[in-house]
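Got your viewer open? Let's take a short walk through this structure, one selection at a time.

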Amino acid sequence: MTRIAVDPGRTIGRLDRKVFGGFVEHLGRCIYGGIYDEGSSLSDSDGFRKDVLGLLRELRMGVLRWPGGNFVSNYHWVDGIGPKQARPRRPELAWGSEEPNRFGTDEFLRYCAELGTEPYICLNMGTGSLDEALAWVEYCNSAGRTQWAQRRRENGRDQPYGVRYWGLGNEMYGDWQVGAVSAEEYVRTATRWARAIRMIDPNAKLVSCGMNGWNDWDRVVVDGMASLVDYHSIHIYTGSDDYWTNVLQPHQAERAIACARGLIGRAAYVQKIKRPPRIAYDEWNVWFRTDDGKLEERYTFGDALAVGTYLNIFVRNCDWVRMANLAQMVNAIAPIVTTPDAAVVQPIYYPVLLHAQAALDVAVDHHVDGRVAEPDGLPGPDHKSRWPHRVGDLGPFTIVDAGATADALRHRVAVTLVNRSPDEPETVEVLLRDFAFDGAVTIRTVTAERGPQDRKLPDVEGACLEEGSEIPKGSTVVVSLPPQSFTAIEATVTSQ
């Protein structure tokens, strides 16, 4: 049996809804044929796929990042505004395709409005200029009578969009990136950009371009930018065809967060920064099978368990992680897959859905006491993966991974549980400290598909979502977790 003690009265941090964020890039069929499909009978008058919109709305994303990703380092935003028939078609250097510019700034911001989510725009620091970046901010946010504000009005939008979140480039450290630079060069350029953007829009929230949290790039960028930005970004993907490596490798995110917060904390102390930046984990996912410019990964339920673990980690670290963006949302390494006739979800959709629906205002302290995973090695000796992350030293890892949240008034509690055992159910006893359950506990559990016969698309695995309840005894409820399962427990509580 696994015992989980949850202390609703002890706050870890405020849980920002931007932790349940998304990311869409002009990559493969993510935009065109994904969220945007002009001429389709399934699209609305703006060209937005209505079935995809419906599935994304269910995820209650706090923020949506765009237009990249690697794509942004050769993207000139002016190409994507105004009459569509006049927009140029350009070579797309990041993924080796062509960009028709049918989906641009106004389309993206209307899409965010349809979703009810905040936009987050990443700026082109590859082939772009500071003048171009300032014009983009002006176009989106200025209420004046200046050139780019007027251009926005001419394009049909009178009021400013009020875009708050702006990324200062994407992965500028990588040789795969158009315009890659050294960390020192990046800091010199990003410093000028940050100061200028704040002059045109003092309310802008800026995100510096980090790497993986523990790299020398992060150290140099944090030291140089911590006083000028609101967030420092980190990117980590994981994934392996070795089961235990796959489901435990997301714990590398905990190393990344710990290292990044250490770098930020040091810079804040040395430089006497009153409000140091927090972490934007603005690209994350399981991704290791594809590298073909389309990235149409097909996910297993083991991948879903890894995604559920990632989200528990973000919840547990929400005092520092204030934004996290699942990369990406449709077709390209995504929870949603489209055809011309349908949109279906992959297994990784479900932990995102249940987390987003169950999560409450604050993360609260909890302790897991139970069986631990003891694989021979992490990563496995013969695993297939893109990623060299070593996580064995972060263990031992409990078989059941958990996250816990409560509402501000401590009237409700939610607990998210990942049973990572490949073949054994686990009985879990959840005990509240200084609180008692008030009525039946709602339980939603996701497991792997029973078989391929019920799939909507033959190459897209399904999953089984079951809902039920348990009657608690005072402060304790006992729940049985199937092997390889993700479970969300929701309950009303009273203080004792």
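Here is the route: the nonpolar cores, then a pair of helices, then one more helix.

Keep in mind that you're looking at a predicted model.

**Stop one: the cores.** Select L56, L168 and Y281. These residues have the most contacts inside the largest nonpolar core, which has 132 residues. Now add residues 301-316: that's helix α9, which gives the most to this core, with 10 residues. Zoom in on L56 and look for its partners further off in sequence, more than four places away: I35, M61, Y111, L115, M329, V330 and I336. There's also a second, separate core, made of 25 residues; pick out V413, I443, L481 and A491 among them.

**Stop two: a crossing.** Show helix α1 (residues 50-58) together with helix α2 (residues 105-115). How do they cross? Their axes come within 10 Å, at an angle of roughly 60°, so α1 and α2 are oblique to each other. To see the contact, display V52, L53, L56 and R57 on the α1 side, with Y111, E114 and L115 on the α2 side. Colour that contact by type and you'll get five nonpolar residues, two charged and no polar.

**Stop three: helix α3.** Select residues 130-141. Is this helix mostly buried or exposed? Of its 12 residues, 10 are buried, so α3 is largely enclosed by the rest of the structure. W136, Y139 and C140 are among those buried residues. Switch on the surroundings and you'll find the buried residues packing against α2, α4 (147-154) and α5 (183-200), as well as strands β3 (63-66), β6 (118-122) and β7 (165-167).

Notes. Residues numbered from 1 in each chain as written. Predicted model: local features only at pLDDT ≥ 70, side-chain atom pairs only at ≥ 80, totals over all residues. Heavy atoms only, no water. Core = buried A, V, L, I, M, F, W, Y, C linked by side-chain atoms within 4.5 Å. Buried < 20%, exposed > 50% of the residue type's maximum accessible area, 1.4 Å probe, protein only. Helix = DSSP H or I, 4+ residues; strand = E, 2+ residues; numbered from the N terminus. Contact = heavy atoms within 4.5 Å. Axes fitted to C-alpha atoms, helices over the stretch in contact; angles between N-to-C directions. Parallel < 35°, antiparallel > 145°, perpendicular 65-115°, else oblique. Nonpolar A, V, L, I, M, F, W, Y, C, P; charged D, E, K, R; others polar.
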